[in-house]
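Work through three short exercises on the fold shown below. Try each task before reading its solution.

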Amino acid sequence: MIEPEYLVKQKDFETWEVAKFEASDSPTAVYRIVRDVKGRLRCNCPRWLRKGTTSCKHCAMVEDYINKRLQNERNERARAANDPSFK
Ligand SMILES: [Zn+2]
C-alpha cells in the first residue's frame, strides 16, 4: 500500500484545508480545519467529529504548517535586517 500524501493550504485567515492524496492527482479526501473562538483548531474528519477529540493528525499538520510559516517570516526579517540593501 502506498502511503497517502497530505497537502495543507490556507483558505482564509483562520481556515485551512488538508487534502489527502493516494496515488492519484485528485484528492481522495479534503478536511477543513478552522480555529474556534477559544483558539483551538477544529477539524471535520470522522475521528474529530466522532470522538470530540481536541486533536487529530490534520490539526497537527496545520499546526506544523503555521509554525513553519512563522519561522519563515522570522528568517525573512532576520535576513532583511542583515542585508545592507534594505537599510
Ligand atoms: Zn482531522
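The exercises go from the sheet, to a helix, to a single residue in this predicted model.

**Exercise 1. Lay out the sheet: in which order do the four strands lie, and which are the edge strands?**

Solution.
- Start with the order. The strands run β1-β2-β3-β4 in an open sheet, and the pairing is antiparallel.
- Now find the edges. β1 (5-12) and β4 (41-43) each pair on one side only, which marks them as the edge strands.
- Add the twist. Neighbouring strands of the sheet are turned by 25° against each other on average, direction ignored.
- Zoom in on one pair. Six bridges join β2 (residues 15-21) to β3 (residues 29-35), in the antiparallel sense. One residue pair to look up: A19 has V30 in β3 as its bridge partner.

**Exercise 2. Find which strands helix α2 touches.**

Solution.
- Locate the helix. α2 covers residues 57-82 and packs on the sheet.
- List its strands. The helix touches β1, β2, β3 and β4.
- Compare directions. The direction of α2 makes about 135° with that of β4.

**Exercise 3. Decide whether W16 is buried or exposed.**

Solution.
- Place the residue. W16 sits in strand β2.
- Count and compare. W16 has 23 other C-beta atoms within 10 Å. A residue counts as buried at 20 or more. Therefore W16 is buried.
- Name the contacts. Leaving aside neighbours within four places in sequence, W16 is in contact with V8, K9, Q10, K11, I33 and V62.
- Check a separation. S55 lies 39 residues from W16 along the chain, and their C-alpha atoms are separated by 15 Å.

Note on methods: Residues numbered from 1 in each chain as written. Predicted model: local features only at pLDDT ≥ 70, side-chain atom pairs only at ≥ 80, totals over all residues. Pairing = 2+ DSSP bridges. Helix = DSSP H or I, 4+ residues; strand = E, 2+ residues; numbered from the N terminus. Axes fitted to C-alpha atoms, helices over the stretch in contact; angles between N-to-C directions. Contact = placed C-beta atoms within 7 Å. Buried ≥ 20, exposed ≤ 12 C-beta atoms within 10 Å, placed from the backbone.
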